[in-house]
Amino acid sequence: RTFASISKILMERGQKEESLDLASKINSIQYYYRALTDISKILMERGQKEESQELISKITDALKSYIPTNRVGTREKSIALKYISKTLMEQGLKVQSLKVVSEITDDRSKSSAYRELFTILMEQGKKTDFQEAIKASLEMPSELSGTGNKSEIFREISSMLIEQGLKDESFKVVSEITDIHYMTLAYMEISTILMSHDKMEESQEAIKESLKAASDLTGSNKSEVYLELSKILMEQGKKKESLKLASEINDVEVKSKAYGEISKILMDQGEKEESLEAIEESLKVATEITRSDIPFGSVDLPKSKAFADLSKILMERGQKKESLKLASEINDVEVKSKAFADLSKILMERGQKNESLKLASEITDVFYKSRAYIEISKILMEKGKKKESQEAIKESLKWASEVPHYIDKVRTFASISKILMERGQKE
């Protein structure tokens, strides 16, 4: 990577031979071809079109003949081809760019490459022929073998089109999606974007299409989608439809969460009484979770997660007593610790320092305890309380050293180190 960066700098300074010589010493396939592609780009920028295209041709031919012997090699080849295709598309060489992408064998890398090319095409389309850019973009995913990959790209295309105000084109793209889940999500995203643009009628039209597609879903996908749809409907003022949809969610954990989210929206809309009813329904669903609802694993975990979500909502609503009571009833140690950490942060943000610190001290999981003190330290620093902030970071360090899992410990120390560096405490 370093050699590739230096090679580019040398080329920018006009030292072409030295740049190429350094690039030839790069061992990584990915960075070797990236360096050569950067050299080609600079040549193009300087008007040396023939030389630039000749170099790109050599790079592509070399990559085509390169046969990886392991997964790392395959990935490096895919990344190199992706970078070349992007460079060619940026230069307006669409045919050559798509030809290079077709050489990528890994569907995931190919899918990612198409996304980048689509974005470039859309930008170029604004300046030239937008309809032609759309047409070319829709043809791109045809080579992908996985239905999900194609559907995901079409979903992203539809969102970008609606952002441009092209509703008919966006809806047409969604109609090409064969995966019901992605189709549902695409219509949801369109609805949300339209709503943000104050196009409520069109937003509701999209949500109707999403509901129609969602009715054919099954299992957890249906529950998760119904959760999101119930939120959008409530935001659109479709209270009755939102609550009806929430009531039809089969997954009890998701159902409880849906009522919790609905409660938050109602509170934001000034509907305090109905917000309280939704939170009570959420709590009722969470409390009634039984073994028959959770055929595998512990009942405690989904119930604990539901209680944690609700306790946070209650604290955000200012119902501190109810929030802390609910959090104290969480059985799963890790979930309870995270809930306490979240609540202590909210309390500290509201200036309730003593209660925040008391709650942090009661956290049993040392990872979440250390994280809680990190957040407390940051908030105190923002409030100008440097000494108290420093005390909190010391407390965090103390508990970080006791974190049993290596990755968690490294992450925690890295967070503390970053804060100390920002404060000029390098040692």
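# Notebook: loops, helices and salt bridges

**Entry 1. Gln319**

I began with Gln319, which is found in the loop between α17 (300–316) and α18 (320–328). The model I am reading is predicted. Is Gln319 buried or exposed? Its relative accessible area is 18%, so Gln319 counts as buried, the cut-off being under 20%. I then looked up which residues Gln319 touches, leaving aside those up to four places away in sequence. The residues touched are Leu276 and Leu314.

**Entry 2. The protein as a whole**

I next turned to the overall figures. The protein has 23 helices and 0 strands. Of its 427 residues, 45% are buried. I noted an accessible surface of about 22,600 Å², with 49% of that area belonging to carbon and sulfur atoms. For contacts with a separation of 6 or more, I recorded that 54% join residues 24 or more positions apart.

**Entry 3. Helix α15**

I chose helix α15 for a closer look; it covers residues 252–268. How far does α15 reach from its first C-alpha to its last? The 17 residues of α15 span 25 Å, close to the 24 Å expected at 1.5 Å a residue.

I then asked how many residues of α15 are buried. The helix is mostly covered, with 12 of its 17 residues buried. Among them are Val252, Val254, Ala258, Ile262, Ile265 and Leu266. I noted that the buried set also includes Lys255 and Glu261.

Both ends of the helix deserved a note. At the N-terminal end, Asp251 acts as the cap of α15. A side-chain oxygen of Asp251 lies 3.0 Å from the backbone nitrogen of Glu253. Just after α15, I found Gly270 with a positive phi of about 85°.

**Entry 4. Asp198**

I looked for another positive phi and recorded Asp198, where the angle is about 60° although the residue is not a glycine. Most residues other than glycine have a negative phi. Where is Asp198 placed? It sits in the loop between α11 (180–196) and α12. With a relative accessibility of 71%, Asp198 counts as exposed, because the cut-off for that class is over 50%.

**Entry 5. Salt bridges**

I moved on to charged pairs. Side chains of opposite charge can pair when their charged atoms come close. The count of salt bridges comes to 17. I looked up three of these pairs in turn.

The pair Glu205 and Lys167 forms a salt bridge, with the closest N and O atoms 3.2 Å apart. This pair links distant parts of the chain, as Glu205 belongs to helix α12 (residues 200–214) and Lys167 to helix α10 (residues 167–175), 38 residues apart. Glu205 is partly exposed, at 34% relative accessibility.

In the second pair, the side chains of Glu228 and Lys231 meet at 3.4 Å, N to O. Why are Glu228 and Lys231 separated by about one helical turn? They are 3 residues apart in helix α13 (residues 219–235). An α-helix has 3.6 residues a turn, so residues three or four places apart point the same way. The partners fall into separate classes of cover: Glu228 is partly exposed at 31%, whereas Lys231 is buried at 18%.

For the third pair, I noted Lys244 and Glu248, whose closest N and O atoms are 2.6 Å apart. Lys244 is exposed, with a relative accessible area of 53%, while Glu248 counts as partly exposed at 35%.

I also found that salt bridges sharing partners join Lys167, Glu202 and Glu205 into one network.

**Entry 6. Arg108**

I then located Arg108 in helix α7 (residues 107–127). Its relative accessibility is 71%, so Arg108 counts as exposed. How far apart are Arg108 and Ser78 in space, C-alpha to C-alpha? The distance is 9.6 Å, although the two residues are 30 residues apart in sequence.

**Entry 7. A nonpolar patch**

My last search was for a nonpolar patch on the surface. Which residues form it? Tyr406, Ile407 and Val410 do, with about 340 Å² of accessible area together. I placed Val410 in helix α23 (residues 406–422). Val410 counts as partly exposed, because its relative accessibility is 39%.

Note on methods. Residues numbered from 1 in each chain as written. Predicted model: local features only at pLDDT ≥ 70, side-chain atom pairs only at ≥ 80, totals over all residues. Heavy atoms only, no water. Patch = residues over 30% accessible without salt bridge, like charges linked within 9 Å, V, L, I, M, F, W, Y side chains within 5 Å. Areas by Shrake-Rupley, 256 points an atom, 1.4 Å probe, with all protein chains shown as cover. Salt bridge = Lys/Arg side-chain N within 4 Å of Asp/Glu carboxyl O. Helix = DSSP H or I, 4+ residues; strand = E, 2+ residues; numbered from the N terminus. Buried < 20%, exposed > 50% of the residue type's maximum accessible area, 1.4 Å probe, protein only. Contact = heavy atoms within 4.5 Å. Expected span 1.5 Å × (residues − 1). Polar contact = N/O pair within 3.5 Å; in protein donor to acceptor, adjacent residues only side chain to side chain.
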